[in-house]
Amino acid sequence: MSTAPNSTKLLFIRCALYLSVCLCTVGGTANAYEWELKKQADGIDVYTRRVSDSDIKEFKGEGIVRVGVGTIVELLRDSAQFKDWFPRTSASALLERDGDVSYQYSVMSTPWPISDRDNIFRSVMARDEATGRVEITVEAAPDHYPVQKRRSEERRVGKECRSRWSPYQ
């Protein structure tokens, strides 16, 4: 049982989670380009770098969230609440969970004339009991759920997303 964080902590967690979910890459995991600091605000550093064979840049956010890793994991695994803290998400639901492997469905609202986009993600959580570190790897799983009417056919956003959380020292 965990205690709910206060509203300031929750806002900070939401910002950090938004950045962690957006760590999606469109290229392979190896990258010859260096990270470049683009912005610093509210204790969060945002970096970008080029991706081979793509016009889209990869980005990452780094910051300190002063809550327990368990609180963050609990929030990330609450698929029904994803729509409440991830921008332009009108619906979200857990499709399947088997231990540390989950499949999540979400709908991202898009402006006219583009149809709303549905996304299906497979996430795998790994825990290092010795260090308390948690790593969550997310990848597109478009074939795990049928295409919905009135949704964009494009279901693969990025190739991979990694979120790493370590206890605050």
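**Figure 1. Salt bridge between E36 and K38 in the predicted model****.** E36 pairs with K38 through a salt bridge in which the closest N and O atoms are 3.4 Å apart. Both side chains belong to residues of intermediate accessibility: E36 has a relative accessibility of 44% and counts as partly exposed, and K38, with a relative accessible area of 46%, is also partly exposed. Side chains of opposite charge can pair when their charged atoms come close. The model contains five salt bridges by the rule applied.

**Figure 2. Salt bridge between R49 and E58****.** The closest N and O atoms of R49 and E58 lie 2.6 Å apart, and the two residues form a salt bridge. R49 has 14% relative accessibility and therefore counts as buried, the limit being under 20%. E58 is likewise classed as buried, at 7% relative accessibility. The view thus shows a charged pair with a buried residue on the arginine side and a buried residue on the glutamate side.

**Figure 3. Salt bridge between strands β6 and β7****.** R122 and E139 meet through their side chains in a salt bridge, with an N to O distance of 3.5 Å. R122 is part of strand β6 (residues 116-127) and E139 is part of strand β7 (residues 134-140), so the salt bridge ties together parts that are 17 residues apart in sequence. R122 has a relative accessible area of 26% and is partly exposed. E139 is partly exposed as well, with a relative accessible area of 32%.

**Figure 4. Aromatic cluster of F82, W85 and F86****.** Three aromatic pairs are counted in the model. F82 and F86 form a stacked pair, with 4.9 Å from centre to centre and 15° between the planes. The pair of W85 and F86 is edge-to-face, because the planes stand at 80°; the ring centres are 6.3 Å apart. A pair of aromatic rings is described by the distance of the centres and the angle of the planes. Ring pairs link F82, W85 and F86 into a cluster. F82 is buried, with a relative accessible area of 8%, and F86 is buried at 11%. W85 is also buried.

**Figure 5. Charge of K60 over the ring of Y47****.** The view shows the side chains of K60 and Y47. The charged end of K60 sits over the Y47 ring, at 5.3 Å from the ring centre.

**Figure 6. Overall context of the close-up views.** The secondary structure of the predicted protein model comprises three helices and nine strands. Read from the N terminus, the order of elements is α-β-β-β-α-α-β-β-β-β-β-β. The protein has 169 residues, of which 31% are buried; R49, E58, F82, W85 and F86 are among them. Of the contacts with a separation of 6 or more, 46% join residues 24 or more positions apart. The exposed area of the protein is about 10,700 Å², and carbon and sulfur atoms supply 50% of it.

Terms used: Residues are numbered from 1 along each chain as its sequence is written. This is a predicted model: local features need pLDDT of at least 70, side-chain atom pairs count only at pLDDT 80 or more; totals for chains, interfaces and linings use all residues. Side-chain values use heavy atoms; hydrogens and water are left out. A salt bridge is a side-chain nitrogen of Lys or Arg within 4 Å of a carboxyl oxygen of Asp or Glu. Buried means under 20% relative accessible area, exposed over 50%, partly exposed in between (1.4 Å probe, protein chains only). Helices (H or I, at least four residues) and strands (E, at least two) are DSSP runs, numbered from the N terminus. Contact means heavy atoms within 4.5 Å. Accessible areas come from the Shrake-Rupley method with a 1.4 Å probe; for residues, only the protein chains shown count as cover. Rings of Phe, Tyr and Trp (its six-membered ring) pair if their centres lie within 6.5 Å; planes under 30 degrees apart count as stacked, over 60 as edge-to-face and the rest as tilted. A charge sits over a ring if NZ of Lys or CZ of Arg is within 6 Å of the ring centre and within 35 degrees of the ring normal.
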